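Got the viewer open? Show side chains as sticks and keep the selection box handy.

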Amino acid sequence: MAETRSTQLLVIGAGPGGYPAALHAADRGWAVTLVDEDNRLGGVCLNRGCIPSKALLHIARLLHEVRALAEQGVRFEGPQIDLERLRSYVQKQVVGRLNSGIAQLTKARGVQVLTGHATFLDPHTVRVRPSVGEELTLRFEHCILAPGSLPVVPSAWQVDPQRIWDSTAALQLSCLPPRLLVIGGGYIGLEIGTVYAALGSQVTVVEALDGLLPLADRDLVAPLEKRLRREFAAIYVNTRVASVQAAEEGIAVTLEGRDVPERLLFDHVLVAVGRRPNTAHLNLDKAGVQVDERGYIRVDAQRRTSVPHIYAVGDAAGEPGLAHKATAEARVAVEALLGEPAAWQPRAIPAVVFTDPEIAWAGLTEKQAQAEGIPHEVLKFPWTASGRAVTLDRTEGLTKLLVEPDSKRILGVGMVGVGVGDMIAEGVLAIEMGAVARDLLETIHPHPTLSETLMECAELAYGASVHIARPKRS
Ligand code: NAD
């Protein structure tokens, strides 16, 4: 008979939603058991998503920068890529190091960690089936579900398991395909496409909608697209993949769109057309937890599911599927479990695309303001007027603010340029605190930094900015 254990709080999933939930609850004195199929804690984000991709994007950016130095009179030989060493660096020195960090954090707080697949037997019991060894039955008082999401790969495109990649396969760096097709011009397609292009692949992107990163404002995408059109072999927007077939020489793809080649041949294809909630194999119905028609777990403002003692956070609890959203929800769920007055009501969840240049936005976008008829003023500060951008030779950036016309309250912040992924947090804080443009312009920003672009952009709300000349009044 299977062993039976019990716990006060069960957390299913050890990604950026689950492991912080387990740590917060343990810090508050709860007896916590954390279950994940993977013995490396950290979930998709750490093991096969955000972290390995960002390590590789950092290397991609260095490769670009070293090449760009030739313009400034410093020349290096072309790169020699030792793929095995690169793979081992990312897996051991980056991912492995952070895996051990989380393992130490759970150990220090006395969180019980179980490796195995959990399925519900009833509203207070799961069965945990490890990949090796005996299964066990776990009784729990409360539960936080954080099972994450999975890449979507349409079955018609699954014609060759070696050559058709999802993001997980692409990040394993098994080879450098001479010709790589990326289907989907969203976050994953552009980030991983950037990595492979920097490492030497000829990258082609096919995007079904009329522009890359369809959710972002066009003026933010423009500088990135301009650069990617130089780095990539081709970018086709408004284009659909009609068929994907395994051929002797590779993968043959036919496209549907205007002015696109009908048939193209690739060595590998990365499918990056979105993700779906990982809720199908949990037997949620046995617990009485309701999901919507797309498989997302239904939650209230406390992240409580249809079963009062079970909560859900992260990708499986609804969009956007972003690690920082999961982590923030984890705090809300734990505080709600403790009976504290917690609710999920962020004014802004930042979005960052870690390409080169990066794109970041938070709060209201211009696209959304126009679609929903929200009164707004747009202020733009081009980085050609930033001393720091000139020193970096990266003046293609743009900082923009959306403000309420009368009060000048900051409704949205958008940026494109190097390092904006780190800079957007100031915009998020401004929106969360209900700041007006005057608050930003009176905040002294260090010189010379790219952060000054936010301060100067805020000056524009009152007519002028130091580094942007206003036409003289006649
Ligand atoms: P995405 O939604 O960002 O982009 C998918 C793109 O594929 C869209 O532009 C869509 O129009 C296009 N598309 C859909 N079907 C298509 C088809 N048949 N042919 C061509 N194009 C098609 O999804 P993703 O890039 O797969 O990423 C999934 C999620 O992972 C993101 O939404 C995001 O939440 C998360 N993510 C975030 C980051 C980050 O924060 N930097 C990075 C990677 C992933």
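Here is a short walk from a surface patch to some buried charge pairs.

Before you click, note that this is a predicted model, where local features need pLDDT of at least 70, side-chain atom pairs count only at pLDDT 80 or more, and totals for chains, interfaces and linings use all residues. Residues are numbered from 1 along each chain as its sequence is written, and side-chain values use heavy atoms, with hydrogens and water left out.

Start with helix α3, residues 50-68 (helices are DSSP runs of H or I, at least four residues; strands are runs of E, at least two; both are numbered from the N terminus). Select Glu-65 and Arg-61: their side chains meet in a salt bridge at 3.0 Å, N to O (a Lys or Arg side-chain nitrogen within 4 Å of an Asp or Glu carboxyl oxygen). The two sit 4 residues apart in the helix, about one helical turn. Glu-65 is partly exposed at 32% relative accessible area (buried is under 20%, exposed over 50%, partly exposed in between, with a 1.4 Å probe and protein chains only).

Now jump to Asp-356. Which residue forms a salt bridge with Asp-356 at 3.4 Å? Arg-227 does. Arg-227 lies in helix α7 (218-231) and Asp-356 in the loop between β18 (351-353) and β19 (358-363), so the pair ties together parts 129 residues apart in sequence. Both residues are buried.

Keep Asp-356 selected and add Arg-394, whose side chain meets Asp-356 in a salt bridge of 2.9 Å, N to O. Arg-394 is buried too.

Last stop: select Asp-217, Asp-219, Glu-366, Lys-380 and Lys-400, which are linked in a salt-bridge network.
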